[in-house]
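Q: Got a minute to go through this model with me? I'd like to start with the pockets.

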Amino acid sequence: MELFESWIYKNKVLENIIQEDDYNDLLAFNFKSRETKNFIKSIVKKHFDWKEYEKWRTIELLKKIKSGKIEIVLATRKLRELYLEQEEKIKRPFLTIGLAIGYESVLDNCPIETEYNQWNSDALKKQLEPVEWYQNRILEDVEQELNELLNPEIKIIDLGKIVSIKDFHDTFSERLYFPEFYGNNWDAFWDSIIGIVEMPKKLTLTNWGKFEKTFKKDSKILKEIIKDYNNQNTENKKITVGNTV
């Protein structure tokens, strides 16, 4: 907190961004107070784009996890915490529910590093087995979601993870920011991608073969939709499919 306080005093840009009264309050604030967090949030919410701030927080957390600065069990708990905060504040979190909630639930009984001394070596090894199973998958998803936040014009959706057509619609609604009134059907899907949401320049759907084998009827419908979308799109935006990334 001392570093943050020092940064505020030295950062002259803030003076041009924040209204004079609020800027003076910021300079005069006691950063040792228990209300520091709430006070900073009130300033940020009043003068900055809250969604951009939350996007920045998400990117910074994903960068730390990718670089190994946060061990994997603690990382899943921080991802869940951030997701729930954003769900409350901005309604649509910048993390997918799979990364934010799914992994935390399967690692729920795993201790974090500061708790290792509470276990003997054999018991600790047993407790950490799920980390070995899921760590690579978690890091792969972290890297993908980080890349998409840094490069929003490129998006990848893995059709191999789809377990039902409802799951398909839920996944696309979450990843492409479909409206809350989205109807979970193919007509609504078409209306959303053709005119309601801002589509990425390149949307790649991977593991098409598995999806096609599992959902024969719906894969034919989706293939026609993709064909029509690519033919009608005048902004050089494309949807491509493949069996791998």
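A: Sure. In the largest pocket, α5 gives the largest share of the lining, eight residues. Helices here are DSSP runs of H or I with at least four residues, strands are E runs of at least two, and both are numbered from the N terminus.

Q: Before we go on, what kind of model is this?

A: It's a predicted model: local features need pLDDT of at least 70 and side-chain atom pairs count only at pLDDT 80 or more, while totals for chains, interfaces and linings use all residues. Residues are numbered from 1 along each chain as its sequence is written, and side-chain values use heavy atoms, with hydrogens and water left out.

Q: OK, how much space lies in the largest pocket?

A: About 1,100 Å³. A pocket is an open set of points on a 1 Å grid over the protein atoms alone, where a 1.4 Å probe fits, with protein on both sides within 12 Å along at least five of seven lines; lining residues have an atom within 4 Å of a point. The volume is the space filled by probe spheres set on the points, which are joined across faces, edges and corners.

Q: Which residues lie nearest its centre?

A: Phe4, Ile40, Tyr53, Trp56 and Arg57, out of 31 lining residues. By class, that lining has 19 nonpolar, two polar and ten charged residues. Ala, Val, Leu, Ile, Met, Phe, Trp, Tyr, Cys and Pro count as nonpolar, Asp, Glu, Lys and Arg as charged, and the others, Gly among them, as polar.

Q: And the second largest pocket, what's the class make-up of its lining?

A: Seven nonpolar, six polar and ten charged. The space in that pocket is about 800 Å³.

Q: Switching to the sheet: what's the strand order?

A: β1-β2-β3, an open sheet with parallel pairing; two strands pair if DSSP finds at least two bridges between them.

Q: Which strands stand at the edges?

A: β1 and β3 (238-241); each has a single partner strand, so one side of each has no neighbour in the sheet. Strand β2 (residues 202-206) pairs with β3 over four bridges, and Leu205 has Val241 in β3 as its bridge partner.

Q: Last thing, how many aromatic pairs are there?

A: The count is 15, where rings of Phe, Tyr and Trp (its six-membered ring) pair if their centres lie within 6.5 Å; planes under 30 degrees apart are stacked, over 60 edge-to-face and the rest tilted. One of them, Phe168 with Trp186, is tilted, at 5.1 Å centre to centre and 50 degrees between the planes.
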